[in-house]
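Me: Hi! Could you walk me through a structure I just opened?
Reply: Happy to, go ahead.

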Amino acid sequence: MQAPTLIEHILRSQPHKASGELSRILARLSLAGRMIAQRILNAGFLGEHGEAGSINVQGEEVKKLDLLSNEIFIRVFETLPSVNALGSEEMDDVFYYDDAENRGKYLVLFDPLDGSGNIDINGSLGSIFSVHKRSGKEGRADLADFLQPGNEQIAAGYILYGPATVFVYTVRGQDSVSVFTLDRSIGEFFLTAEGVRIPEGKGSYSVNESNESKWDQKVIDLVRSFRVGTAPVGKRAARYTGALVADFHRTLLKGGIFMYPALSDRPRGKLRYLYEASPLAMIAESAGGAASDGSIRTLDLQPSQLHERCPLFIGSKKDVAYAVQSLGG
Ligand code: AFP
């Protein structure tokens, strides 16, 4: 039997009385994913590898593909007036279209190309997204509309550009995570897994161990316990790709924990709350897992800036609970 396409799945899952706006946003996100996947495939011979020559708001070197991917996200929502404004890891401030005053209630936030350090080595990359709603206001959205805790997200997901391109999403109230794989020959995503649950008691620990000298002693002990097998939840194998989406996707399917703790020179770690931690936390919880900053549930954190960072411990429920307990949270 032919598996449903992503669009069929989105429409089938939409509540009866829904206006269809969210479905259209998800459909456009899948379009952005297909366009970026194609761009990545061709980047090597189109001269689109390498640095763009600028530094982003995070103080990081911007790659050409970061900018191209960001442009793609902007373009796909231009003709969708239900989307009022955008927030992107690659843009310092909120992005408005020229007709922002007349646009709708949805806000889309995204990290257009996560793990861009992997571009030039043909490693895995990803895009992360979330959809938020403004509360009962008309006109142009303001910054405050974007500063919502993760538990207010309407939908969240990611696209992983690996050997295959996969689209993973969840919608608030459904508590179910679905995975779709792109058939490149016809440009269509097909359902490949539904109701995904993060396995318990197995999998990997995923952390950049070269940061050990900048960790708190409790983090050093925690990571060691996963490595040598003294953690009560069991021993975990070490895996780290340097692309959060790839490391998270493995954790989602195989179990274990991904960690990006606070560092002595970065007290709130490296990862961005709105663009990385919060959407993935929604996926993790919808798949029966958990996410925390070491003491507070990730989805309960209240951001005060667009580019706010937070430590992240995410994955199997018991592994995250053990991490939080070990850190004294
Ligand atoms: P880049 O997009 O700059 O490569 O950053 C990727 C990332 O935000 C996330 O995808 C990784 O998990 C994390 O940073 C890797 O950071 P380290 O290089 O410090 O381990």
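Me: How far does a polar side-chain atom of Glu276 lie from an oxygen atom of the ligand?
Reply: That distance is 3.1 Å, with a polar contact being a pair of N or O atoms within 3.5 Å. This is a predicted model, where local features need pLDDT of at least 70, side-chain atom pairs count only at pLDDT 80 or more, and totals for chains, interfaces and linings use all residues. Residues are numbered from 1 along each chain as its sequence is written, and side-chain values use heavy atoms, with hydrogens and water left out.

Me: Which residues are closest to the ligand?
Reply: Asp114, Asn208, Tyr240, Leu244 and Tyr260, out of 15 that surround the ligand (near is a heavy atom within 4 Å).

Me: And what about polar atoms of Asp114 and Arg272?
Reply: For Asp114, a polar side-chain atom lies 2.6 Å from a ligand oxygen. In Arg272, a side-chain N or O atom is 3.2 Å from an oxygen of the ligand.

Me: How much of the ligand does the protein bury?
Reply: The protein buries 81% of the 480 Å² that the ligand exposes when taken alone (Shrake-Rupley method, 1.4 Å probe).

Me: Switching topic, what are the domains?
Reply: Domain 1 (6-194) and domain 2 (204-326), with bounds from an automatic or database assignment. Their C-alpha centres lie 23 Å apart. The contact takes 47 residues from domain 1 and 33 from domain 2 (heavy atoms within 4.5 Å).

Me: Which domains supply the shell around the ligand?
Reply: Domain 1 and domain 2 each give at least three residues.

Note on methods. Polar contact = N/O pair within 3.5 Å; in protein donor to acceptor, adjacent residues only side chain to side chain.
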